[in-house]
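Reader: Please show me the model. I would like to go through it by question and answer.

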Amino acid sequence: MSTSPLLPPLTRISHGTHGRRCLSGLPATQVDVDPSKLALVFYCLGTLDVLDQLEKTRIDDKEQWREWLWEQQAYGPYGTGFKPGPYMTAEKQPANEYLDEDTPSIIVTYTALLSLAILRDDFSRLDRLGLIKFIEACQKADGSFSSDPLGGDSDLRMVYCAFAISSMLDDWSGVNLPRALEFIASCRSYEGGYGQTPFGESIGGTTYCALASLHLANKGDVLPAADRQKTIRWLVQNQQESTGGFRGRTNKDADACYCFWCGASLSILEVEEVVNEQALASFFASCQFKFGGIAKAPGDHPDPYHTYLSLAALALYTPEEEHGRGPSTSWKLDPLDPLLNAKQETANWARSHIPAPKS
């Protein structure tokens, strides 16, 4: 692969500023994702976390973010989870209750737990039994999970969120594990990756969801040797020689988010050495926006999602020195837990504080 002999600095301060700016109000180009506001909060907080910039954040700001997150925890007939935000709450509806029209989301619940872990909350307000009931209500007869108890999307992304939440809770009683594992296996493609649903095309993101879910369930050697090699081969061929970035599907363009999904998948399989780290960093350098943030591809506008996932990928794959002249230390980030998709310190906090206290 062709790589640049020198990398420009990773503009950490600007990327952190982008995250703070989006926490205080989405730019005009991003208002269409307002219904997923809590997930965006996670990407912004995650950006500050991996950049080690939360320590420089005002205590009042962190407390405000923490309180807003807890305001989204809602109770109802299907258990307890987190809503994307207050935009769907009826005027006379109690803030901590939900109706069928505004049920919690399993994806948002996963990101809410990690966001609170980033803020080092003690989780004393978490309704753990209600959360287990909510996970159970989202599982379908075929073993998959829907995005909310009454329907919505149903694919490997939701399976991963259910597994991640159960792992953080250290309680799998809300999951019919044999059926869920059967569903994961049914999504495997002839290419070696995993589609969103059975018979779907292999996608980098859902391949990550499948592999991470299997490892979160502590299944040891989750793939037979031949299947494992096929998966590794498919993931490796997604790193483009021309750009250094990863594409998410065969014959598509490289995309910064898939650099994480594919790169983290290879990390989970413990074959990080097959990734060309220098070429990957060069791709991210070309995606940096001069005013902060990282875009999905060179020339595009940045957003919180691609900014965070780019930095998460860099936390897994730090570029090495070249010819005695290495990139600045700006490219070195703290270790990341590839299974929960959070900084290792944050993942450790979640695993030690989210489970129910032992009596």
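What follows is a set of questions and answers on a predicted model.

Reader: Which helix gives the most residues to the largest nonpolar core?
Author: The largest nonpolar core has 107 residues. Phe145 and Phe260 have the most contacts inside this core. The helix that gives the most to the core, with 11 residues, spans 156–169: helix 6.

Reader: How many residues of helix 10 are buried?
Author: Helix 10 covers residues 256–268 and has 13 residues. Its buried residues include Cys257, Phe260, Trp261 and Leu266. Among the elements that cover them are helix 8, helix 12 and strand 5. The helix is mostly covered, and the number of buried residues is 12 of 13.

Reader: What is the reach of helix 10 from its first C-alpha to its last?
Author: At 1.5 Å a residue, 18 Å is expected for helix 10. The model comes close to that, with a reach of 19 Å.

Reader: Which residue puts a side-chain oxygen at the start of helix 10?
Author: The oxygen reaches to within 3.0 Å of a backbone nitrogen. That nitrogen belongs to Cys257. The side-chain oxygen comes from Asp255.

Reader: Is Lys343 buried or exposed?
Author: Lys343 forms a salt bridge with Asp49, with the closest N and O atoms 3.5 Å apart. The pair links strand 6 to helix 2, 294 residues apart. Buried means under 20% relative accessible area. Lys343 has 5%, so it is buried.

Reader: Why does the salt bridge of Glu67 and Arg125 tie together separate parts of the sequence?
Author: The side chains of Glu67 and Arg125 meet at 3.0 Å, N to O. Glu67 lies in helix 3, and Arg125 lies in the loop between helix 4 and helix 5, so the pair ties together parts whose separation in sequence is 58 residues.

Reader: How many residues apart are Arg249 and Glu201?
Author: Their side chains meet in a salt bridge at 3.3 Å, N to O. Arg249 is in the loop between helix 9 and helix 10, while Glu201 is in the loop between helix 7 and helix 8. Along the chain they are apart by 48 residues.

Reader: Which residue stands opposite Ser146?
Author: Strand 3 and strand 4 run antiparallel, joined by two bridges. A hairpin of two residues connects strand 3 to strand 4. Opposite Ser146, in strand 4, stands Ser154.

Notes. Residues numbered from 1 in each chain as written. Predicted model: local features only at pLDDT ≥ 70, side-chain atom pairs only at ≥ 80, totals over all residues. Heavy atoms only, no water. Pairing = 2+ DSSP bridges. Helix = DSSP H or I, 4+ residues; strand = E, 2+ residues; numbered from the N terminus. Core = buried A, V, L, I, M, F, W, Y, C linked by side-chain atoms within 4.5 Å. Buried < 20%, exposed > 50% of the residue type's maximum accessible area, 1.4 Å probe, protein only. Expected span 1.5 Å × (residues − 1). Contact = heavy atoms within 4.5 Å. Polar contact = N/O pair within 3.5 Å; in protein donor to acceptor, adjacent residues only side chain to side chain. Salt bridge = Lys/Arg side-chain N within 4 Å of Asp/Glu carboxyl O.
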